[in-house]
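Student: I should like to go through this model term by term and ask what justifies each one. May we begin with the structure itself?

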Amino acid sequence: MEFFKLCSRKESTEEILGKNSVEEEGKENTDITQALSKLTEPTSVPIPKLSVSNMVHSARKRIRRHRRLDQSPLNNDVLNSILLYLFPDAALDKSDTSEAKATQSNPGGKHNQDKDTEDYNLFNLLKSAPSDSLTYRLALCICLVNFYHGGVRAVAHLWQEFVLEMRYRWENNCLIYGLAAGSPDLRCCLLHQKLQMLNCCIEHKKARDESRKEGGRDKKETTSCENGLLGPDSGRAGGSGGSPGKSWDSWSDSEDEFYECLSDTEEMKEAPAEGAKGAKSKPDGRLQPHGKLTLLNSDEPLYIPITQEPAPMTEDLLEEQSEVLAKLGTSAEGAHLRARMQSACLLSDMESFKAANPGCTLEDFVRWYSPRDYVEEEVTDETGQTVVRGNLSARMQIPGNMWVEAWETAKATPARRQKRLFDDTKEAERVLHYLAVQKAADLTRHLLPCALHAAVLKVKEEESVEDIPSVRKAIQQVTSHASKLLRHPNPDYKKLEETINQLMVVETIIARARSLKAKFGLGKGEKGDKGVDPDDLEKFVGSLLEEPEVAVIGAGRGPAGSIIHKLFVSAQRAALLAPLEDDPGRVGGSDDRKPMGGGSGVPDFPPPAGREILLRTCVPRPAPYSKALPQRLFCVLMREEFRLAGAFSSDTSFF
């Protein structure tokens with residue numbers, strides 16, 4: 001509940017930590033969105049010092065310089081232990097790459113079969129994050145820091161350090177620990193998707209840097225050969241160790257972090273020269289042959305090209321894209337523009353296919369890319385023989401078809417020389433800026449599903465030990481209710497507060513169950529009294545939890561009554577501060593109890609809140625010879641009041 005209260009905070013991180021944490025005159029340097037403008041401003045500072053990394057590092061130094069040790073919301077030891085918990089790969093030896101890769105692929109130490117359980121897949125219902133992910137651990141740390149180590153200022157401090165760690169990993173090509181590889185998982189919360197997007201950017205940047213190094217080595221090796229020229233397949237040598245979609249990263253230019261231009265200038269100069277001579281272009285960017293298929297216009301085998309991966313997107317980017325496409329309207333021009341915007345990946349694949357299969361046609365591309373749109377039929381030719389002929393499907397032959405238009409405009413360009421579909425530098429800076437501007441309230445809203453996820457898992461774990469049917473049913477209801485609320489784009493936080501209160505009630509019931517089991521001797525390792533059936537006591541404790549009123553079998557002389565009497569005696573001793581030595585022999589049942597005020601002077605039971613007196617009798621009324629009928633008189637005597645209630649009956653047969 002304390003974590004939930006942060007949702008109402010409106011201060012930014014700088015306001016929470018204090019305005020002096022960053023110099024007012026250098027605010028523009030701390031905002032990465034002003035990096036390009038700062039680079040282009042006239043200044044006397046040498047150009048090499050005006051890099052994005054230098055500006056970010058200088059902002060980081062100013063932040064830490066102005067934050068004194070006595071003003072730091074989080075203790076350095078606590079902060080270091082939290083960061084080590086979030087990023088345990090930082091403690092590994094960087095030279096031991098095998099151990100680093102093993103921990104990265106299995107961050108939580110869970111086996112594959114554990115990931116098929118209902119508890120592990122609970123994040124699908126709550127739209128949170130897997131229980132072995134970085135986002136899940138971050139939510140736990142934020143909750144603990146908020147409750148135990150300084151409240152909202154400590155939360156802001158930890159988040160600032162987390163963002164700086166993300167910046168460091170991006171700049172140094174270090175993959176983020178605790179995130180699954182691949183595109184953002186849209187089943188998870190938005191913050192988890194953003195971190196996955198940043199991890200994708202790091203993967204692409206790392207692959208591009210490695211391929212650039214390999215490309216440099218290949219150039220040195222090929223220049224020492226007799227031919228002195230690159231072979232047709234050497235262009236994709238840098239990406240042969242990765243997936244087909246990542247092989248396009250093998251660009252061999254010396255580009256900076258921000259670029260959009262093509263870089264293989266030497267190959268681009270050779271291409272028009274070869275075309276001018278009328279020679280057939282050389283195939284480039286081939287991955288592998290496509291089975292036994294051959295080109296329709298020749299006997300050359302049909303090769304699968306190396307293509308670019310589609311750009312990964314988070315749910316907010318998808319929503320922005322859908323809004324842009326919807327604003328284009330339903331006119332013919334808008335529909336045509338919408339189709340062109342959506343065909344960027346198709347055009348890239350067509351260019352890669354043309355480069356890998358010189359002399360191919362649209363029909364060849366369709367046979368590989370969309371086989372259902374190439375219809376084959378058996379027909380009889382002029383000689384009377386049955387042959388198989390194919391044509392494009394009806395939708396491919398519609399006038400103005402986008403595929404035909406894209407095929408006509410596509411050039412034979414391998415994927416490594418195409419404009420990138422996914423600009424990892426731009427997307428990484430967008431993610432880092434998004435993380436940096438998050439307020440404490442925004443962070444709480446992002447991590448609230450993970451916090452609820454952790455609470456449900458903990459309650460489930462405790463319930464499995466106590467085995468309380470009502471709690472099990474309540475957990476299912478809370479999970480279902482929270483799932484409906486959290487999957488909404490703008491959840492109702494008042495209803496979420498009710499859900500949190502329901503979880504608190506469930507925790508209270510579990511705590512009561514443990515307390516009752518301990519008091520009645522049903523805990524682990526405890527031995528009950530001789531002659532007492534533990535099964536009867538378990539039923540009695542279960543009835544106390546499930547039913548409003550429970551009958552005590554045997555009253556004060558039964559096993560449950562004897563334990564209840566001892567509980568009252570212990571409570572009286574504690575309330576009156578009576579030493580245990582006053583009555584060392586009191587271990588038995590009601591036969592050993594002392595009368596009120598006797599012995600040590602400590603009564604067995606607390607003072608009564610009131611006294612009830614009930615009188616019942618049967619007397620003839622109104623005459624002595626009338627029929628005897630029941631009469632009842634009830635009296636309650638309390639410290640401040642008393643009540644009388646009577647029920648009288650009389651014989652009315654002859655009166």
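Student: Which residues of the largest nonpolar core touch the most other members?

Tutor: Leu-134, Phe-162, Met-166, Leu-198 and Leu-435 do, in a core of 72 residues. Helix H18 gives the most to this core, with 11 residues. The model is predicted, so local features need pLDDT of at least 70 and side-chain atom pairs count only at pLDDT 80 or more, while totals for chains, interfaces and linings use all residues. Residues are numbered from 1 along each chain as its sequence is written, and side-chain values use heavy atoms, with hydrogens and water left out.

Student: What makes a set of residues a nonpolar core?

Tutor: The set must consist of buried Ala, Val, Leu, Ile, Met, Phe, Trp, Tyr and Cys residues joined through side-chain atoms within 4.5 Å. Buried means under 20% relative accessible area, with exposed over 50% and partly exposed in between (1.4 Å probe, protein chains only). A second, separate core of 18 residues includes Val-366, Trp-368, Met-396 and Ala-406.

Student: Which residues does Leu-198 touch?

Tutor: Not counting residues up to four places away in sequence, Leu-198 touches Met-166, Trp-170, Ile-176, Ala-428, Val-431 and Leu-432. Contact here means heavy atoms within 4.5 Å.

Student: Why is the pair of Arg-169 and Asp-89 called a salt bridge?

Tutor: The term requires a side-chain nitrogen of Lys or Arg within 4 Å of a carboxyl oxygen of Asp or Glu. Between Arg-169 and Asp-89 the N to O distance is 3.0 Å, so the pair satisfies that limit. Arg-169 belongs to helix H9 (residues 152–171) and Asp-89 to the loop between helix H5 (76–86) and helix H6 (97–105), so that the pair links parts of the chain 80 residues apart. Helices (H or I, at least four residues) and strands (E, at least two) are DSSP runs, numbered from the N terminus.

Student: How do you know that Arg-169 is buried?

Tutor: Its relative accessible area is 3%, which is under 20%, and therefore Arg-169 is buried. Asp-89 also counts as buried, at 11%.

Student: What parts of the chain does the salt bridge of Glu-429 and Arg-167 tie together?

Tutor: The closest N and O atoms of Glu-429 and Arg-167 are 3.2 Å apart. Glu-429 lies in helix H17 (residues 424–436) and Arg-167 in helix H9, so the bridge joins parts 262 residues apart in sequence. Glu-429 is buried at 9% relative accessibility, and Arg-167 is buried at 7%.

Student: Where do Arg-367 and Asp-364 lie?

Tutor: Both lie in helix H15 (residues 362–369), 3 residues apart, about one turn of the helix. Their side chains meet in a salt bridge at 3.1 Å, N to O. Asp-364 is buried, with a relative accessible area of 0%.

Student: How many salt bridges does the structure hold?

Tutor: It holds 21. A network of salt bridges links Lys-458, Glu-462, Glu-466, Arg-514 and Lys-517.

Student: Why is Cys-189 in no disulfide?

Tutor: A disulfide is a pair of cysteine sulfur atoms within 2.5 Å. The nearest cysteine sulfur to that of Cys-189 belongs to Cys-450 and is 4.2 Å away, so the pair does not meet the limit. For Cys-200, the closest cysteine sulfur is in Cys-201, at 6.9 Å, too far for a bond. The structure holds 0 disulfides.

Student: What makes the buried residues of H16 line one face of the helix?

Tutor: In helix H16 (residues 402–409), Met-402, Trp-403, Ala-406 and Trp-407 are buried. Seen down the axis, the buried residues fall within an arc of 130°, so they line one face; the arc is that of the directions from the helix axis to the C-beta atoms. What covers them includes helix H13 (332–342), helix H14 (344–356) and H15.

Student: Where is Ser-128 placed?

Tutor: Ser-128 is in the loop between helix H7 (122–126) and helix H8 (134–148). Ser-128 is buried, with a relative accessible area of 0%. Leaving aside neighbours within four places in sequence, Ser-128 is in contact with residues including Cys-188, Cys-189, Cys-450 and His-453.
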